[in-house]
Amino acid sequence: MKEKKDKSMETKVIHSGQEPDPVYGGVSVPIYQSSTFAFQSVEQGAARFAGLEKGYIYTRIANPTIKALEDRVASLENGYGGIATSSGMAAISTIIFGLLEKGSHLISTASVYGSTRVMIENLLPRFGISADFTDTSNLDNIRKLIRPTTKILFIETPANPTLVLTDIAACATLAQEENLTLVVDNTFASPILQNPLDLGADIVVHSVTKFLNGHSDVVGGIIIPRDEETYQKMHKTMTLLGGNMDPHQAWLVLRGIQTLAIRVQKSQENALKLAQFLSSHPKVAWVNYPGLPSHPQHELAQRQMRGFGAMICFGLKGGYEAGKKMINSVRVATLAVSLGGVESLIQHPASMTHAGVSQEEKEQAGITEDLIRLSVGCEGYEDLRSDLEQALEKD
Ligand code: LCS
């Protein structure tokens, strides 16, 4: 891989992991759409399996197109390497099944993506693994839950959908003291705005479906461990569980990532202005956006992020009923789940992305009935603002 360590993010998103194709010189990474790779001899095949000779064997284990993506994201996150997966959920489950065993305990941010919570709560007990969810923005909440069997501290910051932040460096210190593996879901920030490994985390995970790919046309995930030992463990677990990415999927994400820096820049500029617009609107009851001084952890956002991101959540004075009318009336933003694409998306987490989480747990996590989540895209600001304005008038 070309050495890009000293380069800016804007350069790394374009070049890291990518060399002109050694066969024909193609500037774009070729799609090696092959499930298997020929050996020149029995001896060579055996040497590759034994790890004595470098080279590809089988795409579930490794593939050149997927490797280019893994190297690029590892470079953006300053990690040892990357393990690309079929989805963000495949990445999260690989981490959990790779690190935990019967009797293990996990602590997680309460406001995490709905399926992350449902998976941890519903699947893990069948394997003798238990979990507690808490507001990880307060370190004392975490401390109180640590048991001798606690192995993972899983945090999502900014959190889906509440945009509550957790102090990554403080969690890293705690994790080190207590011998926990700190896993950070960095999907909402993207590596452009936040690098958890630099703040002491052990593993970063992304749903590449979101900002990394950025075009709402691919589902995928990636795991970036900080050290080689964890990388090897995660890679082995992924190949055994079988949640690998596909080469064509990897190629689309490689292409999407090349504009990550400029997309994030544009969408967060839009988001800050929209958050300010919503805050001053008479029908809006509250707005949560890390870039507003009113955000409870605005100071932490300035400290641990390089920008405030493109996600906003807010509630209307008329509550859920008013919110429903508003969401049904937007015309530029699209009513859909997911986030981080070039197009703005709006949704209602309590009945959509977090519908599987119980009422009591939603309340504990701050996922209120009136909460509307807006993923701000790269459209013209005035178009987005006037669209929200006309939709708010429908209430
Ligand atoms: N982590 C976060 C923070 C997410 O928001 C999601 C998906 C995942 C992991 C899982 O990734 P996937 O398997 O979907 O690639 N979040 C979604 C959301 O908020 N709306 O639709 C999906």
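**Two domains and a ligand site in a predicted model**

Mentor: The C-alpha centres of domain 1 and domain 2 lie 26 Å apart. The contact draws 46 residues from domain 1 and 40 residues from domain 2. The model is predicted, and the values discussed here are computed from it.

Trainee: What are the bounds of domain 1 and domain 2?

Mentor: The domain assignment places domain 1 at 9-257 and domain 2 at 260-392. These bounds come from an automatic or database assignment.

Trainee: How much area do domain 1 and domain 2 bury between them, and on which atoms?

Mentor: The two domains bury about 3300 Å² between them, and 60% of this lies on carbon and sulfur atoms. On the side of domain 1, Leu165, Leu193 and Phe211 provide 23% of the area buried against domain 2, more than any other three residues.

Trainee: What makes the pair Asp167 and Arg303 a salt bridge?

Mentor: The closest N and O atoms of Asp167 and Arg303 are 3.6 Å apart. The limit for a side-chain nitrogen of Lys or Arg and a carboxyl oxygen of Asp or Glu is 4 Å. The pair therefore qualifies as a salt bridge. Between domain 1 and domain 2 the count is two salt bridges.

Trainee: How many residue pairs are in polar contact between the domains, and which elements contribute on the side of domain 1?

Mentor: There are 22 residue pairs in polar contact between domain 1 and domain 2, both residues being at pLDDT 80 or more. The elements giving two or more residues to the side of domain 1 that touches domain 2 are helix H1 (9-15), helix H5 (114-122), strand S3 (130-134), helix H7 (168-178) and helix H9 (247-257). H5 gives the largest share, four residues. By class, the residues of this side divide into 24 nonpolar, 17 polar and five charged.

Trainee: Where does Asp167 lie, and what else does its side chain approach?

Mentor: Asp167 lies in the loop between strand S4 (150-156) and H7. A polar atom of its side chain is 3.2 Å from the backbone nitrogen of Ala169, and one is 3.1 Å from the backbone nitrogen of Ala170. Both distances are within 3.5 Å, so they meet the distance limit for a polar contact. Leaving aside residues up to four places away in sequence, Asp167 touches Leu300, Arg303 and Gln304.

Trainee: Which residues come nearest to the ligand, and what are the polar distances of Ser207, Thr209 and Lys210?

Mentor: Of the 19 residues around the ligand, Met89, Asp185, Ser207, Thr209 and Arg373 come nearest. A polar side-chain atom of Ser207 is 2.8 Å from an oxygen atom of the ligand. For Thr209, an N or O atom of the side chain is 2.6 Å from an oxygen atom of the ligand. For Lys210, a polar side-chain atom is 3.4 Å from a nitrogen atom of the ligand. With a limit of 3.5 Å, these pairs therefore count as polar contacts.

Trainee: Which peptide bonds are cis, and what is the phi of Ser190?

Mentor: Most residues other than glycine have a negative phi, and most peptide bonds are trans. The bond from Thr157 to Pro158 is cis, with omega near -10 degrees. The bond from Asn160 to Pro161 is also cis, with omega near 0 degrees. Pro158 is in the loop between S4 and H7, and Pro161 also lies in the loop between S4 and H7. Ser190, although not a glycine, has a positive phi of about 75 degrees. Ser190 lies in the loop between strand S5 (181-185) and strand S6 (203-207).

Notes:
Residues numbered from 1 in each chain as written. Predicted model: local features only at pLDDT ≥ 70, side-chain atom pairs only at ≥ 80, totals over all residues. Heavy atoms only, no water. Contact = heavy atoms within 4.5 Å. Buried area = accessible area lost by both parts, 1.4 Å probe. Polar contact = N/O pair within 3.5 Å; in protein donor to acceptor, adjacent residues only side chain to side chain. Nonpolar A, V, L, I, M, F, W, Y, C, P; charged D, E, K, R; others polar. Near = heavy atom within 4 Å.
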